[in-house]
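Please take the model below as the starting point and follow the text with the coordinates open beside it. The walk begins at a single residue and widens from there.

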Amino acid sequence: MSTFFALSSVAILMVMGLLVDGGGTLNTANRATSLAQEAARTAGQQIDPGQAVEGTAITIDPDAAVGAAQDYLANAGVQGDAEITDGGQSLTVTVTDTYDTSFAQFVGKATITVTGTATATLQTEAGG
């Protein structure tokens, strides 16, 4: 009976660990994606004023956009990268964050790294 109890206890602790650390990892991944989305929105508002005023093009100002994304992520306390693509029409932000485990640390996994990615695309016409 005591062997059954010991094995059952270990199994229950393993399931609890999966639930707690799995849920925590999912929450951290969702937060990383949300932060990437917000940073991409912030950076996407940084258009090149010279081209926009002249009417030649509406594109993202690369330096201002990357700076805005980095500032947003720094204020949120996470690491990330911003990349301008599609000829200055899109910006992709990737956020990297870590979850400090509660149960998995007992088997040698103290942290779990997650990433979140979001892309903002300039809309240059109504409904476009």
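Ile 58 sits in the loop that joins helix 2, residues 49-54, to helix 3, residues 62-76. In this predicted model, its relative accessible area is 37%, and because values between 20% and 50% are classed as partly exposed, Ile 58 falls into that class. A look back toward the N terminus gives a sense of the distances involved: Phe 5 lies 53 residues away from Ile 58 along the chain, and the C-alpha atoms of the two are separated by 68 Å.

That separation may be read beside the overall dimensions. The C-alpha atoms of the protein fill a box of roughly 85 × 30 × 20 Å along the principal axes, and the radius of gyration is 22 Å, whereas a compact globule of 128 residues would have one near 14 Å. Of the 128 residues, 29% count as buried, and the protein exposes about 7,900 Å², of which carbon and sulfur atoms supply 57%.

The secondary structure comprises 3 helices and 3 strands, and from the N terminus on these elements follow the order α-α-α-β-β-β. Among contacts with a sequence separation of 6 or more, 55% are accounted for by residues 24 or more positions apart.

Within the β part of the chain, the loop between strand 1, residues 79-85, and strand 2, residues 90-100, holds Asp 86. Which feature of the backbone stands out there? The phi of Asp 86 is near 60 degrees, a positive value in a residue other than glycine. Most residues other than glycine have a negative phi. Asp 86 also has a relative accessibility of 56%, and since the cut-off for exposed is over 50%, Asp 86 is counted as exposed.

Strand 3, residues 111-121, offers a contrasting case in Val 114. Is Val 114 buried or exposed? Its relative accessible area is 8%, and because buried means under 20%, Val 114 is buried. Leaving aside neighbours within four places in sequence, Val 114 is in contact with Thr 25, Thr 28 and Ala 29, and also with Val 95, Thr 96 and Asp 97. Val 93, by comparison, is 21 residues from Val 114 in sequence, and their C-alpha atoms are 14 Å apart.

The last stop is the largest pocket, which has a volume of about 290 Å³. Its lining includes Val 10, Leu 13, Met 14, Gly 17, Leu 18, Asp 21 and Gly 22, together with Phe 103, Ala 104, Phe 106 and Val 107. How do the lining residues divide into nonpolar, polar and charged? There are 8 nonpolar, 2 polar and 1 charged; because Gly is classed as polar and Asp as charged, the polar residues are Gly 17 and Gly 22 and the charged one is Asp 21.

Methods: Residues numbered from 1 in each chain as written. Predicted model: local features only at pLDDT ≥ 70, side-chain atom pairs only at ≥ 80, totals over all residues. Heavy atoms only, no water. 1 Å grid on protein atoms, 1.4 Å probe; cavity = no way out; pocket = protein on both sides within 12 Å on 5 of 7 lines; lining within 4 Å. Points joined across faces, edges and corners; volume = space filled by probe spheres on them. Helix = DSSP H or I, 4+ residues; strand = E, 2+ residues; numbered from the N terminus. Rg over C-alpha atoms; globule rule 2.2 N^0.38 Å. Buried < 20%, exposed > 50% of the residue type's maximum accessible area, 1.4 Å probe, protein only. Contact = heavy atoms within 4.5 Å. Areas by Shrake-Rupley, 256 points an atom, 1.4 Å probe, with all protein chains shown as cover.
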